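The structure below is best read slowly, starting from a single side chain and working outward to the chain as a whole. Please keep the sequence and the view side by side while you read.

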Amino acid sequence: MKKAAIELAGVLALAAAVVASGIWIVDVEHRSRQLFVAAEEQARELDRLQVEWSQLQIEQSTHATPSNIETLARQRLRLTEPDAAALVVVFDEVEAQ
């Protein structure tokens with residue numbers, strides 16, 4: 001009787017270990033899938049941000065052209081070229097020698 005009880009306890013312990021390891025494996029797989037989904041979402045976000053960055057760089061290069069800057073200066077700041085009489089030319093003494 002004692003030997004049967006020990007064997008039964010051993011079998012129950014092994015069965016509990018198998019069930020616990022099965023639950024642990026399911027939990028690990030679930031977390032793994034969640035992390036994979038999150039990584040895929042991050043990859044999609046990275047792709048979207050890279051496209052947006054490229055578009056912003058193109059937009060910046062378009063707005064930074066000298067003709068566009070001049071147009072904005074004339075329109076927004078009301079800058080104009082001075083009259084020839086108002087121009088003063090200053091020479092650096094080092095360059096003049």
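Isoleucine 25 counts as partly exposed, because its relative accessibility is 47%, a value in between the limit of under 20% for buried residues and that of over 50% for exposed ones. This value, like every other one here, is computed from a predicted model. Isoleucine 25 belongs to helix 1, which covers residues 2-63, and together with Trp24 and Val28 it makes up a nonpolar patch on the surface. The accessible area of Trp24, Ile25 and Val28 together is about 320 Å².

Further along helix 1 lies leucine 35, and here the label changes: with a relative accessibility of 61%, leucine 35 counts as exposed, since exposed means over 50%. Leucine 35 also gives a sense of distance along the chain, for 29 residues separate it from isoleucine 6 in sequence, while the two C-alpha atoms are 43 Å apart in space.

The charged side chains come next. Side chains of opposite charge can pair when their charged atoms come close. Counted with a limit of 4 Å between a side-chain nitrogen and a carboxyl oxygen, the model has five salt bridges. One of them joins arginine 48 to glutamate 52, with 3.2 Å between the closest N and O atoms. The two residues are four apart in helix 1, so about one helical turn separates them. Both ends of this pair are partly exposed, arginine 48 with a relative accessible area of 43% and glutamate 52 with a relative accessibility of 34%. The pair also has a wider setting, as Glu45, Arg48 and Glu52 are linked in a network of salt bridges.

A second place to look is helix 2, which holds residues 66-76. There the side chains of glutamate 70 and arginine 74 meet in a salt bridge, at 3.0 Å from N to O. Being four residues apart in helix 2, glutamate 70 and arginine 74 are also separated by about one helical turn. Glutamate 70 is partly exposed at 42% relative accessible area, and arginine 74 is partly exposed at 38%. Arginine 74 has another partner as well, since it forms a salt bridge with glutamate 81, where the closest N and O atoms are 3.4 Å apart. Glutamate 81, at 61% relative accessibility, counts as exposed.

With these local details in place, the whole chain can be considered. Its secondary structure comes to three helices and zero strands, and the pattern read along the sequence is α-α-α. The C-alpha atoms fill a box of roughly 120 × 35 × 15 Å along the principal axes. The radius of gyration is 38 Å, whereas a compact globule of 97 residues would have one near 13 Å.

The account of the surface follows from there. Of the 97 residues, 1% count as buried, and the chain exposes about 9300 Å², with carbon and sulfur atoms supplying 64% of that area. How are the charges divided, and how far apart do the centres of the two sets lie? There are 9 positive and 15 negative side chains, and the centres of these two sets lie 20 Å apart.

Note on methods: Residues numbered from 1 in each chain as written. Predicted model: local features only at pLDDT ≥ 70, side-chain atom pairs only at ≥ 80, totals over all residues. Heavy atoms only, no water. Patch = residues over 30% accessible without salt bridge, like charges linked within 9 Å, V, L, I, M, F, W, Y side chains within 5 Å. Areas by Shrake-Rupley, 256 points an atom, 1.4 Å probe, with all protein chains shown as cover. Buried < 20%, exposed > 50% of the residue type's maximum accessible area, 1.4 Å probe, protein only. Rg over C-alpha atoms; globule rule 2.2 N^0.38 Å. Lys, Arg positive; Asp, Glu negative; His and termini not counted. Charge placed at Lys NZ, Arg CZ, Asp CG, Glu CD.
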